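Reader: I am new to this structure and would like to learn how its features can be read, one after another. Could you take me through them slowly?

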Amino acid sequence: MDSNTLFAKTPPVKLFFIASLPGAVGMLASALYQLLDGIFVGRFLGETPFAALNLAMPFVIINFALADLIGVGSSVPISIALGRGDGKQANNFFTCACLMIVGAGILVGGVLFAAAPSLIALMGAEGEFAQLAVQYLRVYALCSPVTTIVFATDNFLRICGQIRGSMLLNILMSVLSAGLEFLFLYVFRWGIWGAALATCLGMCTCALIALFPFFLGRFQLRFCRPRFSAAMVRQIVSCGLPNFLNNIAGRIASIIMNLLLVRLGGESAVSTYGILMYVEGLIQPLLYGMCDSLQPAVGFNWGAGNTRRVRAIEKCCFTASALVSVAASIVIFLIPEQITLLFLGGGNQALVEATAFALRLFSLTYITRWFSFATQSYMLAIEKPWPASIISLSTALVFPVLCILIFWPLGLTGLWLNFAGTALLAALLAGAVMIRFQREMKRLEAAR
């Protein structure tokens, strides 16, 4: 089925199952690998490497932030251009975006490789703990020019209607990375750098596989002679800004959390926080997969002026996000010990009990987290980057810092409550954004 038929004519509920479920499955496969990554490192290498991985992870994600900005930022105008029937403009956005991602990978990767020891030292890590974190970060930095484009190709495939192909590519990347990591850590007995190398090799392989059909001209988007302009770059940046701010601000918040955790609870507290992040890394990709997979369809219909269809698609998105999020909250609350034992085993009972307690508090996050997430995705899909950016920045940095101050007297318990407090404030903000947007829509429809 071509993208025009899929996005413009398929009934909304059927479109949700065709587009969103494969997207969620693909993201779930990626999330499961991230979960296995933590389990492999924690079980095969021990608690110190596991803590080092989690200390370095915010910087690893920053490494992908610019690529994500360009990939997501270009996907929105590409979808809208295709909805208007302007294939030439869509191809130029696509080509320029790919070149910009490779350039950003070289630049950011080089900076992170050189600065890795200083960055980790600033976190308060010393000795073996610091050395392992530097090793992990530097592997990602070296591979950055050839790995960062893999997330953008996922968006480009979905725009071209290759939804099943996108899902299969994510599954392949997860299986390949997990297999290599098991080989490197369990069989070859390599250190933490082997875990990073396994992931990078999986990403690089799948990026090349994804780009090959575009080079052959088999899909709706094709490479062309790039025509850069300041207006085009501004449009890409503005549309990708919400995701970029979420990545950067979220990592800044993680760095602040790690700084506090190292001082309040040492390696054990960092390990507990790492487990919370792995759990979030399993749930958030499900939400992201559902919402992000529908963005091309929403953008296409918005560009075509079919606002009624846009609302019908988004209704499916909000409903599914709520169901997944609340179900996750219940599961985490009921089995926190079992989740903890996946990563740590039963050797340190005090750490297991502390982490289980933290997970129960963390589970409250997903009672409200879905609403701000779906609202941000909606605003981004219809090329309203500023409301999406406000939600993103507030959720990732402003509200977490505010909650750190509010819950500071509670010590570590206050840090674990930070997530639920942030989600509640973000939901209230998203509600205000949606009310204002609905009023604008009513005025526009009345003017017509």
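**Reading the features in turn**

Author: Let us begin with a single residue, arginine 189, which is found in the loop between helix H7 (163-187) and helix H8 (192-216). Please keep in mind throughout that this is a predicted model.

Reader: Is arginine 189 buried or exposed?

Author: The label depends on relative accessible area, with buried meaning under 20% and exposed meaning over 50%. Arginine 189 counts as exposed because its relative accessibility is 57%. Its backbone also deserves a look, since arginine 189 has a positive phi of about 60° although it is not a glycine.

Reader: Moving out to the whole chain, how many helices and strands are there in the protein?

Author: The protein has 16 helices and zero strands. Of its 448 residues, 58% count as buried.

Reader: What does the radius of gyration say about the overall form of the protein?

Author: The way to read it is to compare the value with the one expected for a compact globule of equal length. For 448 residues that expectation is near 22 Å, and the protein has 21 Å, so the two agree. Along the principal axes, the C-alpha atoms fill a box of roughly 65 × 45 × 35 Å. Contacts add another view: among those between residues at least 6 apart in sequence, 83% join residues at least 24 apart.

Reader: How is the length of a helix checked, and what span should helix H13 have?

Author: Each residue is taken to add 1.5 Å, so the 15 residues of helix H13 (residues 349-363) should span 21 Å, and the end C-alpha atoms are indeed 21 Å apart. The buried residues of H13 include Ala358, Leu359 and Phe362.

Reader: Which residues are in contact with leucine 276, leaving aside its neighbours within four places in sequence?

Author: A contact here means heavy atoms within 4.5 Å. Leucine 276, which is found in helix H10, is in contact with Ala358, Leu359, Phe362, Trp416 and Phe419. Leucine 276 counts as buried because its relative accessible area is 0%. Its C-alpha atom is also separated by 9.2 Å from that of threonine 340, although the two residues are 64 residues apart along the chain.

Reader: What lines the largest pocket, and how much space lies in it?

Author: About 280 Å³ of space lies in the largest pocket, and 14 residues line it, with Val279, Leu282, Ile283, Val331 and Ile332 lying nearest its centre. The elements that give two or more residues to this lining are helix H10 (266-303), helix H11 (307-334) and helix H12 (336-344), and H11 gives the most, with five residues. As for chemical character, the lining residues of the largest pocket divide into 14 nonpolar, no polar and no charged.

Reader: And how many cavities of 30 Å³ or more are there?

Author: A cavity differs from a pocket in that a 1.4 Å probe fits inside but cannot get out. The count comes to four cavities of 30 Å³ or more, and the second largest cavity has a volume of about 80 Å³.

Reader: Which residues line that second largest cavity?

Author: Among them are Val72, Ser75, Asn155, Arg158, Asp292 and Gln295. Helix H3 (47-83), helix H6 (150-159) and H10 each supply at least two residues of this lining, whose residues divide into five nonpolar, five polar and two charged.

How values were computed. Residues are numbered from 1 along each chain as its sequence is written. This is a predicted model: local features need pLDDT of at least 70, side-chain atom pairs count only at pLDDT 80 or more; totals for chains, interfaces and linings use all residues. Side-chain values use heavy atoms; hydrogens and water are left out. On a 1 Å grid over the protein atoms alone, a cavity is a set of points where a 1.4 Å probe fits but cannot get out, and a pocket is an open set with protein on both sides within 12 Å along at least five of seven lines; lining residues have an atom within 4 Å of a point. Grid points are joined across faces, edges and corners, and a volume is the space filled by probe spheres set on the points. Helices (H or I, at least four residues) and strands (E, at least two) are DSSP runs, numbered from the N terminus. Ala, Val, Leu, Ile, Met, Phe, Trp, Tyr, Cys and Pro count as nonpolar, Asp, Glu, Lys and Arg as charged, and the others, Gly among them, as polar. The expected span of a helix is 1.5 Å times one less than its number of residues. Buried means under 20% relative accessible area, exposed over 50%, partly exposed in between (1.4 Å probe, protein chains only). The radius of gyration is taken over C-alpha atoms; the globule rule is 2.2 Å times the number of residues to the power 0.38.
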